[in-house]
Amino acid sequence: MSQTFEMDDDLRPEYDFTQLPVIARGQGRKRSTLTVQLDPDVAAIFPDSGAVNEGLRLLIRLIQQTSSQAGVQSVATSKEA
């Protein structure tokens with residue numbers, strides 16, 4: 001048994017819902033984005049979010065390498081003492 005429903009469109013044409021805020025519902029609602037404003041000189045180097053993410057990931061790798069090398073050096077220095 002298939003039921004079909006007809007909706008009466010009783011909204012007036014002057015109603016404008018285009019300015020209403022969109023509220024996320026469902027699975028994707030927990031995902032959030034972070035908006036960051038770049039200074040013009042930085043934005044000239046990083047034209048889009050992909051470039052910013054790539055640059056930040058490179059910086060993270062460099063920091064991790066430097067900190068792990070510093071840890072190795074400090075262990076070697078403490079063993080020599």
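Q: Why is Leu 20 called exposed in this predicted model?
A: Exposed means over 50% relative accessible area, and Leu 20 comes in at 52%, so the label fits. As for where that is, Leu 20 sits in the segment before helix H1 (40-45).

Q: What makes the nonpolar surface patch that includes Leu 20?
A: Leu 20 teams up with Leu 11, Tyr 15 and Phe 17, and the patch they make covers about 430 Å². To be joined in a patch, nonpolar side chains have to lie within 5 Å, and each residue needs over 30% relative accessible area. Leu 20, at 52%, clears that second cut-off.

Q: How do you know which residues line the largest pocket?
A: A lining residue has an atom within 4 Å of a pocket point. Here that picks out Leu 34, Val 36, Leu 38, Val 42, Phe 46, Ser 49, Val 52, Asn 53 and Leu 56. The pocket they line has a volume of about 260 Å³, and helix H2 (residues 49-80) gives the most to the lining, with four residues.

Q: Why are Ser 49 and Asn 53 counted as polar in that lining?
A: Neither Ser nor Asn is on the nonpolar or the charged list, so both fall among the polar ones. The full tally is seven nonpolar, two polar and no charged residues.

Q: What makes a residue count as buried, and how many percent of the protein do?
A: Buried means under 20% relative accessible area, and 1% of the 81 residues count as such. The protein exposes about 8600 Å², with 55% of it supplied by carbon and sulfur atoms. Its secondary structure comes to two helices and zero strands.

How values were computed: Residues numbered from 1 in each chain as written. Predicted model: local features only at pLDDT ≥ 70, side-chain atom pairs only at ≥ 80, totals over all residues. Heavy atoms only, no water. Patch = residues over 30% accessible without salt bridge, like charges linked within 9 Å, V, L, I, M, F, W, Y side chains within 5 Å. Areas by Shrake-Rupley, 256 points an atom, 1.4 Å probe, with all protein chains shown as cover. Salt bridge = Lys/Arg side-chain N within 4 Å of Asp/Glu carboxyl O. Buried < 20%, exposed > 50% of the residue type's maximum accessible area, 1.4 Å probe, protein only. 1 Å grid on protein atoms, 1.4 Å probe; cavity = no way out; pocket = protein on both sides within 12 Å on 5 of 7 lines; lining within 4 Å. Points joined across faces, edges and corners; volume = space filled by probe spheres on them.
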